[in-house]
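Q: Please give me a close look at the cavities and pockets here, starting with the linings. I'm new to this one, so spell out your terms, and then move on to some strands and aromatic rings.

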Amino acid sequence: MEKALDEVKEYFMSGKTKDASWRIAQLKGLLKFAKERETDIFKALKLDIGKHPVESYRDEIGPLTKDINVALDNLASWMRGKKVKLPLAAFPTSTSLVPEPLGLVLIISSWNFPIGLSLEPMIGAIAAGNAAVLKPSELAPATSALLAEALPKYLDDNAIKVIEGSADVCDRLLQYQWDKIFFTGSRRVGQLVMTAAAKHLTPVTLELGGKCPLILDSLPGNSWLREAAMKRIIAGKFGTCNGQVCLGVDYILVEKKLYSELVNLLEKTIKKTFESKPEECVAKIVNKHHFTRLKALLDEPRVKSSVVYGGSVMDEDKLYFEPTILVDPPLDAEIMTEEIFGPLLPVITLEHIEDSIKFINSRPKPLSIYCFTNDDKLSKRLASETSSGTLVFNDTVIQYAADTVPFGGVGDSGFGRYHGKFTFDTFSHEKTILKRSLFPDFWFRYPPWDPKKMEIFRAVYVFNYFLVVLIVLGLKKPRQLPKDI
């Protein structure tokens, strides 16, 4: 493995990947893969996670195609350096910031969006001119095999490799000296990635997760708006990989007086959305280990007694777990201390909706906070008094599809950001290039030191150039330097 990685690094050092023509060719190859192998992608995602083709296109192929086209349309401007103004004291100097590729980068993707989370970062890595190695998740074997088989036919195999394997393979990859590691997955594995990267001082982007809360402070009076709100909540929990997604709704915060009506509306919306056959519309649980984990969360006696809808239809052979709603499970139970990552939706009741701010701030910073409200005061308080990767009002998960704003976490939910140009920036180093003439040369920059030079520096660093002129002409008497120093 090390020999193959050395060869990829050597290919990067040849400078081939820096050419705009090479970058364009690879992006077009990636686009061609998405179009020509669409049916194969649908089949792989169905095998691995049970996604319906429409969900697969909505959440993976569609955003991927869009972002490749965005990169192709904007690559020239992204690659172009930008001029920077310096203070007058630096005259005559020209300065620019020029993006350059980091080098050989490692992308470790997750199983829940095995196409999108593998290739979305790849777009930016290629656009920025890097060589890249992709390690797909072994928990999505069909998709991993498809990427390993197909990508070499569409991309430059000298610069872009797919390496399959279990956790042992990932451990070996992490021992290598990379110029950047981009990881999507759990907080536990993210810590291992950071530990390995620290050995070589390798920069890391961690796309993690956490418990994303949804605050509901009122129910719209208009029936159409109420229905729209419920659809968006259900889609943000059960309609995206059946809750197995880092930015999905983890739990709901609502005032006690509203919870009964809310639960009733959620039940009706689940039945209507999935037409009483959710097993045909939602993704399956990824494997038996995660199925058992979810079942254990629900089987805890104090938690089980809080179930108000669902929680009984489970098929371990088909890895199906029905949408389930709970009201006020114990806050110290695992379902409320760990990321759920599945179709279990706790509803936590509060005396006052403003208490949601304290509730959220007492827990690790989430990847997203969702709030359904028309209250400007509450909106402003959430924006100023909470911290999260994103804050979304009156919708869920929609931010993932945007390419003009960054996607990423803060604190325990990760760090670094991507999508659109932000992915290009993530895989680039913005280098400062400064050029100036040998004339004029400011004599006061150099020793020997005296009070006059000190006074000039004092004026220069507050941009008082008129005072500089007075000091140089001897019209302003300098202060004496401190004695005995």
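**Empty spaces and their surroundings**

A: Let's start with the lining of the largest cavity, which by class has five nonpolar, four polar and three charged residues. In this scheme Ala, Val, Leu, Ile, Met, Phe, Trp, Tyr, Cys and Pro count as nonpolar, Asp, Glu, Lys and Arg as charged, and the others, Gly among them, as polar. Keep in mind that this is a predicted model: local features need pLDDT of at least 70 and side-chain atom pairs count only at pLDDT 80 or more, while totals for chains, interfaces and linings use all residues. Residues are numbered from 1 along each chain as its sequence is written, and side-chain values use heavy atoms, with hydrogens and water left out.

The residues around the largest cavity include Gly210, Gly236, Lys237 and Gly243, and Glu339, Ile340 and Phe341 are on the list too. The space inside comes to about 70 Å³. Here a cavity is a set of points, on a 1 Å grid over the protein atoms alone, where a 1.4 Å probe fits but cannot get out; a pocket is an open set with protein on both sides within 12 Å along at least five of seven lines, and lining residues have an atom within 4 Å of a point. Points are joined across faces, edges and corners, and a volume is the space filled by probe spheres set on them. Counted this way, there are three cavities of 30 Å³ or more.

The second largest cavity holds about 40 Å³. Around it sit Asp67, Ala71, Trp78, Glu120, Ile123, His419, Gly420 and Thr423, which split into three nonpolar, three polar and two charged. Helices α4 (53–79) and α5 (116–127) each bring at least two of these residues, and α4 has the largest share, with three. (Helices, H or I over at least four residues, and strands, E over at least two, are DSSP runs numbered from the N terminus.)

Now for the pockets. The largest has a volume of about 1,400 Å³. Its lining counts 49 residues, and Gly185, Ser186, Arg187, Arg188 and Val189 lie nearest its centre. By class that lining is made of 21 nonpolar, 14 polar and 14 charged residues. Elements giving at least two residues each include α7 (167–175), β6 (180–184) and α12 (288–299), but α8 gives the most, with five.

The second largest pocket has about 430 Å³ of space. It is lined by 17 residues, with Ala89, Ala90, Phe442, Phe444 and Val460 closest to its centre. Helices α18 (451–460) and α19 (465–472) each give two or more of them, and α19 has the largest share, four. This lining has 15 nonpolar, no polar and two charged residues.

Back to β6, one of the elements lining the largest pocket. It belongs to an open, six-strand sheet in the order β5-β4-β3-β6-β7-β17, with mixed pairing. At the edges, β5 (160–162) and β17 (414–415) each pair on one side only. Two strands pair if DSSP finds at least two bridges between them; β3 (104–108) and β4 (131–135) do so in the parallel sense, over five bridges. Within that pairing, Val105 is partnered with Ala132.

Strand β13 (324–327) is worth a look too: on one side Thr324 and Leu326, on the other Ile325 and Val327, are all buried, meaning under 20% relative accessible area (exposed is over 50%, partly exposed in between; 1.4 Å probe, protein chains only). It pairs with β10 (307–309) in the antiparallel sense over two bridges, and with β14 (344–350) in the parallel sense over four. Val307 faces Leu326, while Ile325 stands opposite Leu345.

Last, the rings. The whole structure has 16 aromatic pairs. The ring centres of Phe33 and Tyr154 are 5.8 Å apart with planes at 70°, so this pair is edge-to-face. (Rings of Phe, Tyr and Trp, its six-membered ring, pair if their centres lie within 6.5 Å; planes under 30 degrees apart are stacked, over 60 edge-to-face, the rest tilted.) Phe33 is in α2 (20–36) and Tyr154 in α6 (141–154), so the pair ties together parts 121 residues apart in sequence. Both residues are buried. Phe457 and Tyr461, in contrast, are stacked, at 6.3 Å and 20°; Phe457 is partly exposed at 22% relative accessibility, and Tyr461 is exposed at 64%.
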